[in-house]
Amino acid sequence: MATCVHCGTGFTAATAEDRYCCRGCEYVADLISEQGFERFYDLKQGIAVAPVKSRPFEEHDFSWLQAKLTAAEDEARAQGCEAKVDLGLEGISCVGCVWLIERLFSRHPGGIRAAANPASGQLHLEWVPGKCDIESFLRELCRFGYVAAPTPQGGGDHERRRLAARMGLCAAFALNTMGFSLPVYLGMPRDFEFADLFKMIAFLSATLSMLVGAGYFIDRAWRALKAGSLHIDLPIALGLVAAYLGSIVGWALDAERLMYFDFVSVFVFLMLAGRYLQTAAVDRNRRRLVRRQPVPVELRLAGDEGRSVPRDSLEPGMKFALAAGQALPVSGVLAGGEADFSLEWIHGEADPVRHVAGARLPAGAILLSRNPVWVTAGERWRDSLLARLTAPAEGERSAPGLDKLLRVYLTIVLLLGIVALALWGARGDWLTGGQAMISVFVVSCPCALGVAIPLADSLVATAMERLGVFVRSGTVWARLRRVKKVIFDKTGTLTLERPVLENAEAVAALDDAAALALARLTSGSLHPVSRSLLEALGHRGQRLLAGGGNLIPREVPGSGVSIEDANGQWSLGKAGWLADSQSASDAGGQSELRHNGVLAAAFRFRESLRPDVARTLGFLKRRGMQPHILSGDHPDKVALTASTLELPADQAHGGLSPEDKAACVRSLDASDTLYLGDGANDSLAFDAALVTGTPVVDRSLLESKSDFFTLGAGLGFLPELFLAAAARELAVRAAFGFALVYNLTTVAVSMAGLMSPLLAAVLMPMSSLVSIGIVISLIRWKFTDT
């Protein structure tokens, strides 16, 4: 497997000369070299980042920007300071990105500061009001593969920030508690004049730790109990409450062996640190994609001076505008003219379909034509199939078997604690019995696992990010180990989202005039063929557009597009379209570029499987997994794909509706299915599968519902994903084995009445360090070994 020179992700090279995983990476690498920004690669330090893919060649919508800029500049003028704005930014992932964005902004007059944050996926800009063209800068960023969008509201970033704040405060409380508990362990006399003050400070610090930090775990454990399930936070909450209440009793009785205030504070901090580590990587990946979804939230109505209404307010009979690239939110009727639509979200067919005035359009049809069209709504949004398909998932799936394991674990811990109390009470020593019971609850807290498991999750997630795979769910690794059936959608998942140009030499052979005409004809188009041709032009096409200017083509839906320049008429369309009487269409192309009717080039395309599909299916079969294909595409096409991949006919089904797909998944699923899909017609099947993943394509929809998404072109990541899950399981099992031995030993010591607060405070961080060492060494060994 080759490594992309620009982004560092692995890919399968078609020839020995291939150095880039996609045209986007090649284009951006040329730009960086051409403009003298090679230091980007020094700062990147070999870190693998997300592939650029088609971002530099796409037409990006900045209609939302002007209102933000106007508000920012008005506020700046009122306060007499610089204008500021915060935006979401897709594509940023390393220090090299931060440096490159700062350098690009410094070249724009009026720009003051650009601060990009890879962790939060945000961009902060400051400029002199009225003196800096922010939109021009953002469009320049698009050429380098960074796409700006409105800052995402709420979500996981709030959770991460809240955890960070709690962790910082609890670190200070833990230092306070340890500092004022240490003199007791060092032999401070009971009659020392400040002894009571030290205990009071330790109590207050532990109380603050409980309020600020422990409340997080107690609240989550309680909500899980009310929902009828058990959560890993329950034993954490139990140990903290027992240690805190026992410490208060010990303080009241002046029994220092019951006072675990220092343990409470340190344990809260360690658990918050582990949870932050686990949450940060997942939330970062959830914010990685900021592009706007193609289903419009608001729609402009005909009449009423262009009044816009939320899609929830649509009623049958309302006429609204649909812009290029947007998906029709409800079924309706094309009110006038003609246009090309993609129905790939509906049935998986990727080819554009021409519709004329009066034609019925299904919800989910995506407008490919350049000009907006008017559509008469045929139903309400809430009644639309697309509303069901885009409904958010009902919360995160839990790890299989966790409830049962926690139930057994908690039962044993509670029984042992009560037994210890009863045994010592039978001897008449209830104080020692109380100490033994509290000690059992305290040392049974899953401290080592609470740090080791998040660390294992973070290590394997980071390893997968180098392959262009980004995990969005903290429980996906345990669920992946249950997978026995892997189900693929066909179009856009097993195959590439756009047709592959077979004769790329035809594009390379064009002279500059023809290449400029082809760039003008394809720039801004959403047709799959046009986008493939624009990418094939690469840096040359973008350079010619920058120097020669763009023209708006005239579009004839179902036939092609044409422009007029100083050299005459250029056209790009189906074979024979706008051919002169002497120019026969015998070039064997599916699309033709013509100049004044004379053939300039013919282009051939084919549907292509993603790289590494055959190798990936071979891996799955060797591992005892069963691959399936469920597609809305024509059954004959699905059968041909299955035959090519040597899959049995009963494991490949075509012509399926979204409901059919979901029913098939439910019939196959025994809590052991992984579903990979990319379109709205895969959404219901997502809800039925144990694990879900999606490749990010041009018009992606399912990233917010998936457990992971991939930005690479191939499927070679899938074997690595399963190997990562196996490595993570090995490390967690080893850490669990150590924790079992540790708990058995410390529980025995506790039941014997020999556990002291000092010993517990020393053993807790030591056990965490040992668990961390086990996890790191085993995951590194496993990845090196495989």
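Which strands form an open sheet of five, and in what order do they lie? Keep that in mind as you open the viewer, and remember throughout that this is a predicted model.

**First stop: the five-stranded sheet**

Select β19, β20, β21, β22 and β23, and you have the answer: they make an open sheet in just that order, with antiparallel pairing. Now look at the two ends. β19 (554-556) and β23 (598-603) are the edge strands; each has a single partner, so one side of each is left without a neighbour in the sheet. Turn the view along the sheet and you can follow its twist, which averages 20 degrees from one strand to the next.

Zoom in on the β19 end. Its link to β20 (residues 560-565) consists of three bridges, and the two strands run antiparallel. To see one pairing, pick Arg554 and then Ser562, its bridge partner in β20.

**Second stop: strand β5 and its two partners**

Next, select residues 122-127, which are strand β5. Is this strand mostly covered or mostly open? Mostly covered: six of its six residues are buried. In a regular strand, side chains alternate between the two faces of the sheet. Colour Gln122, His124 and Glu126 for one side of β5, then Leu123, Leu125 and Trp127 for the other; both faces are covered, and these residues are all buried.

Now add the neighbours. Strand β3 (residues 83-90) is joined to β5 by six bridges, in antiparallel fashion. Here, Val85 stands opposite Leu125. Strand β4 (residues 111-117) is also joined to β5 by six bridges and also runs antiparallel to it. On this side, look for Gly111, which stands opposite Trp127.

While you are here, follow the chain from β4 into β5. The two strands form a hairpin with four residues between them, and Gly121 takes a positive phi near 65 degrees in it.

**Third stop: a sheet of four strands**

Move on to β9, β15, β10 and β13. In that order they make an open sheet with antiparallel pairing. At its edges stand β9 (319-322) and β13 (360-361), each with a single partner strand, so each has one side without a neighbour in the sheet.

For a closer view, select β10 (residues 332-334) and β15 (residues 373-377), which run antiparallel and are joined by three bridges. Leu334 is a handy marker, standing opposite Val375 in β15.

**Fourth stop: helix α7 and a nonpolar patch**

Leave the strands and select Leu197, in helix α7 (residues 195-226). Is Leu197 buried, partly exposed or exposed? Its relative accessible area is 43%, so this leucine is partly exposed. Show the surface and add Phe192, Phe194, Met200 and Leu204: together with Leu197 they make a nonpolar surface patch of about 420 Å².

Then travel along the helix to Ala214, where a kink of about 55 degrees in α7 is centred. Past the helix comes Gly228, which has a positive phi near 85 degrees.

**Last stop: Gly618**

Finally, select Gly618 in helix α20 (residues 613-622). This glycine counts as buried because its relative accessibility is 18%, and the cut-off for buried is under 20%. Add Glu646 and draw a distance between the two C-alpha atoms. The pair is 28 residues apart along the chain, and the C-alpha atoms are separated by 9.9 Å.

Note on methods:
Residues are numbered from 1 along each chain as its sequence is written. This is a predicted model: local features need pLDDT of at least 70, side-chain atom pairs count only at pLDDT 80 or more; totals for chains, interfaces and linings use all residues. Side-chain values use heavy atoms; hydrogens and water are left out. Patches are made of residues with over 30% relative accessible area and no salt bridge: like charges are joined within 9 Å, nonpolar side chains (Val, Leu, Ile, Met, Phe, Trp, Tyr) within 5 Å. Accessible areas come from the Shrake-Rupley method with a 1.4 Å probe; for residues, only the protein chains shown count as cover. A salt bridge is a side-chain nitrogen of Lys or Arg within 4 Å of a carboxyl oxygen of Asp or Glu. Buried means under 20% relative accessible area, exposed over 50%, partly exposed in between (1.4 Å probe, protein chains only). The bend at a residue is the angle between axes fitted to the seven residues ending there and the seven starting there. Two strands pair if DSSP finds at least two bridges between them. Axes are lines fitted to C-alpha atoms, for helices over the stretch in contact, and angles run from 0 to 180 degrees between N-to-C directions.
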